[in-house]
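Reader: Could you walk me through this one? I would like to talk about the fold and the contact between chains.

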Amino acid sequence: MTGPLLELDSVAGAGEIMEVSMGPHHPSTHGVFRMDVRLEGEKVVRLKPVFGYLHRNHEKIAEHGAYLSAIPYTDRLDYLCSMTNNWGYCLAVEKLAGIAVPERAEYIRVIVAELTRFQNHAGLVGFLLQDMGASGTPLMYAFREREKVLDLFESLSGARMMCNYMRFGGVRVDCTTAWLDEVRRLVPALPRFVDEFENLLRANEILMARTQGTGKLPRDLAINAGVTGPMLRASGVNYDVRKVDKYGIYDRFDFRVPLGDHGDVYDRYMMRILEMRETVKILEQALRDIPGGPIIDPKVRLRGLRPKAGEAYGRIESPKGELGFYLISDGSTNPYRYRVRPPSMINLTILEDMCLGENIADVVITLGSVDIVLGEVDR
Amino acid sequence: MTALPAQQAPLAGGPGLPPVEDIKAKIEAGVPGAVVAVIHNASPSAQHSLLLDAEHARDVALFLRDHPDLRLDYCSLMTGVDWLDTETTEKVKVKKVVDGPDGSQQETEVEEVRKTKHPGYLEAVYHLFSMEKKHGPVILRLRTANRTDQTHLPSLTPVWRSAEFQEREAFDLYGIIFDGHPDLRRILMWDGFVDHPMRKDYVPPADDALHPGVHA
């Protein structure tokens, strides 16, 4: 075990240990989440995350239904990023049943997934700055921008957050030219928003003092603990599933993978800002190249899909990290085993390691920089 | 998923990896005494897996993590799977002595249905990738002896920390007991809960039994 668990007796001045239960209804926990924290003065000597308050056994529900019927439930995992959740699940089913996706659908998927990534990162940075006490302003800036993306999702899929948009073999409805034009109008304005957003606080002295060197995650521990997404790359590991697996059509786009150096809260904050800029690049290329054609494989049987007995693991780079779906088919109409690899939950494994020896106030921003959504952690 | 017939062509490993048989041979050469079997996956994903014996599982895991060509430093997914007890039936002809119509004893051939029970098991599945070499997946499987009283497996959390919460989840929802896990507690269900809800034969209690008093 790498995480040093300090026994109470071994801590100097053990009489002064105070146990605090942070959450589950604390605004800084981003949902119904609790941390059992032991403090010596203001210093954290033990921290155990406690969750499961939103547990509804999502996996069991999906195993009781047909393959198609799990898609709307995936919306509710990471409820800020329903589009990428749909994609992860559809990718796994496509691998399991050997389904090909038409070109136009691949482009639409990239467009909606990158818009999702943009609004997720904007929201996260807003929340993180809110956690640091920059009350309201950054979050409202982020939400103003997120609203524009959600309006686009609504006109495309009919829902702002629970989009239920993708299907194995493609997407549910085609996008209109008018919709694409609207995205084309929005995307060129996004870099200006990132500039404005970044300039709010990036070089702010208080922000730097709070975040630099706080919640450090060493590179080797990050790899061993299976940390993924912007958090992993903030620790300097070049691993992005879009580049490694090149799922969908990600090999066609020219974009860079930003890397951090220190693995602290500041790097994780910057990682989101830089990834928003790369996302804009991908969006520009996808909007330029999107072809016409069908949006779903006409031969695919959505209802009553019965893949051959076997198993498949499909994974994508969701805004939070590597989102994977593991499916076992026994040849019937519903999956024998349906498993979600939730990046939010696995990224919490090392929360204690990052917080030990830090001040209690820094626990809040360290947790904020992990980017968790409890719908996905608890499933 | 059946055991692989010997004469088949080598099964591909994950992208960038040698065929699974080669990985199996590497393990058997590197970890003396390890028993490894290739599990064939007939789906188009062609993700074949390696079944390990519980006794050597941790040595094999360490070997795979530190092998210079494989460097499987990243355990992406760990999960439990429940396989129920199964029963196969076969018809056999048996000679039996029966009473004839005239009261004498006669020997005749009777067809009998014979049932054989195969005990079910719980399975722990690990999907390994390499962040250094950017290849994968290599899939490991461990199986318990049965579903009832022998559900112990070695924990691989000391090898890959990412299994820590996921093994706790498999313990919570499937009842696999991971020996050597640093902190094996329920993770999603509450502490006083007794059963394992992801098991295939789990019967949920009525709502008012879970929350006594609420509906009274």
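Author: Happy to; here are some questions and answers on a predicted model.

Reader: Which secondary structure elements does chain A have, and how many of each?

Author: Let us start with the make-up of the chain. Chain A combines eight strands with 16 helices.

Reader: Why does chain A count as compact as a globular protein of its length?

Author: The test sets the radius of gyration against the globule rule for 379 residues, which gives 21 Å. Chain A comes close to that, so it is as compact as a globular protein of that length: its radius of gyration is 21 Å.

Reader: What share of the residues of chain A is buried?

Author: A residue counts here when its relative accessible area is under 20%. Applied to the 379 residues of chain A, that cut-off gives a buried share of 63%.

Reader: How far apart are the centres of the positive and negative side chains in chain A?

Author: Two sets enter the comparison, with 47 positive and 51 negative side chains in chain A. The distance between their centres is 6 Å.

Reader: Turning to the contact, what area is buried between chain B and chain A?

Author: Chain A brings 51 residues to the contact, and chain B brings 49. Carbon and sulfur atoms give 57% of the buried area. The total between the two chains is about 4100 Å².

Reader: And which residues of chain B lose the most area to chain A?

Author: Three residues stand out, together making up 19% of what the chain B side buries. They are B:Met131, B:Arg161 and B:Phe165.

Notes:
Residues numbered from 1 in each chain as written. Chains lettered and ligands numbered in written order. Predicted model: local features only at pLDDT ≥ 70, side-chain atom pairs only at ≥ 80, totals over all residues. Heavy atoms only, no water. Helix = DSSP H or I, 4+ residues; strand = E, 2+ residues; numbered from the N terminus. Rg over C-alpha atoms; globule rule 2.2 N^0.38 Å. Buried < 20%, exposed > 50% of the residue type's maximum accessible area, 1.4 Å probe, protein only. Lys, Arg positive; Asp, Glu negative; His and termini not counted. Charge placed at Lys NZ, Arg CZ, Asp CG, Glu CD. Contact = heavy atoms within 4.5 Å. Buried area = accessible area lost by both parts, 1.4 Å probe.
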